[in-house]
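Let's take a walk through this chain together, from its overall build down to a few charged side chains. Have a look at the model first, and then read on.

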Amino acid sequence: MSFQYIFKGQTHTNTDREYMLNIGMDTDQIESVLQQQEYELATSVVGKNYSTMTDAEVEKACRDAIDEAAGNVRIAYTSKGLLIEEEYRLAKTQAEKWIADGKPNEVPDAVQSWADAADMTPDEAADDIAATALSWEGVLATVRQARLSGKAALNSASTRAEQVTVAAEQVALINELMPA
């Protein structure tokens, strides 16, 4: 959701100074709108007004916000439950080994359980596990790249306000990776 303010009974989202001057705002009104925007942005990223925080706390909160957004995207691509990712890795490892070994008669447990659950043959289950793993690894790589790019952008911010703005932008970009 973008920042909105009301001036003369109309809702606006453009916070460019020139725009606000053109609609008739004076400098005090413009400063008030910009301060409110900064406050709301800081609250959305660091959870509170950062004026009472140390520089290190602001930076950590910004980094944590980026990491949390990345974690939320990763979680959205998996089934709910504790250690689900480990189950995926186990199934992938067993399926890959079984395929590499020439698909011997003894089917690994992770492959057989998926074959039984999805009403597939072990061959189909192994192929499905491999395809799912490839897709999941693509998501992980994309999220990792976005997370690390976000932190790199954060490193180039020179003020607290810039850090919060950069973190908010990066969180928004990461959130765009959420599945539909």
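Helices (H or I, at least four residues) and strands (E, at least two) are DSSP runs, numbered from the N terminus. Counted that way, the chain has seven helices and two strands. If you follow the sequence along, you meet them in the pattern β-β-α-α-α-α-α-α-α.

A word on what you're looking at: this is a predicted model, where local features need pLDDT of at least 70, side-chain atom pairs count only at pLDDT 80 or more, and totals for chains, interfaces and linings use all residues. Residues are numbered from 1 along each chain as its sequence is written, and side-chain values use heavy atoms, with hydrogens and water left out.

So what's the overall form? The C-alpha atoms fill a box of roughly 80 × 35 × 25 Å along the principal axes. The radius of gyration (taken over C-alpha atoms) is 24 Å. For a compact globule of 180 residues you'd expect a value near 16 Å, using the rule of 2.2 Å times the number of residues to the power 0.38. Of the 180 residues, 31% are buried. Here buried means under 20% relative accessible area, exposed means over 50%, and partly exposed is in between (1.4 Å probe, protein chains only).

Now for the charges. A salt bridge is a side-chain nitrogen of Lys or Arg within 4 Å of a carboxyl oxygen of Asp or Glu, and the count comes to eleven. Take Asp67 and Arg147, whose side chains meet in one of them at 3.3 Å, N to O. This pair links distant parts of the chain, with Asp67 in helix H3 (residues 55-76) and Arg147 in helix H6, 80 residues apart. Arg147 is buried because its relative accessible area is 17%, while Asp67, at 27%, is partly exposed.

Helix H4 (residues 84-100) holds a more local pair: Arg89 and Glu86 sit three residues apart there, about one turn of the helix. Their closest N and O atoms are 3.0 Å apart, in a salt bridge. Lys92 and Glu137 form another, at 2.6 Å, N to O. That one connects helix H4, home of Lys92, to helix H6, home of Glu137, across 45 residues. Shared partners also join Asp67, Arg147 and Lys151 into one network of salt bridges.

Finally, look for Asp127 in helix H6 (residues 122-155). Asp127 counts as partly exposed because its relative accessibility is 45%.
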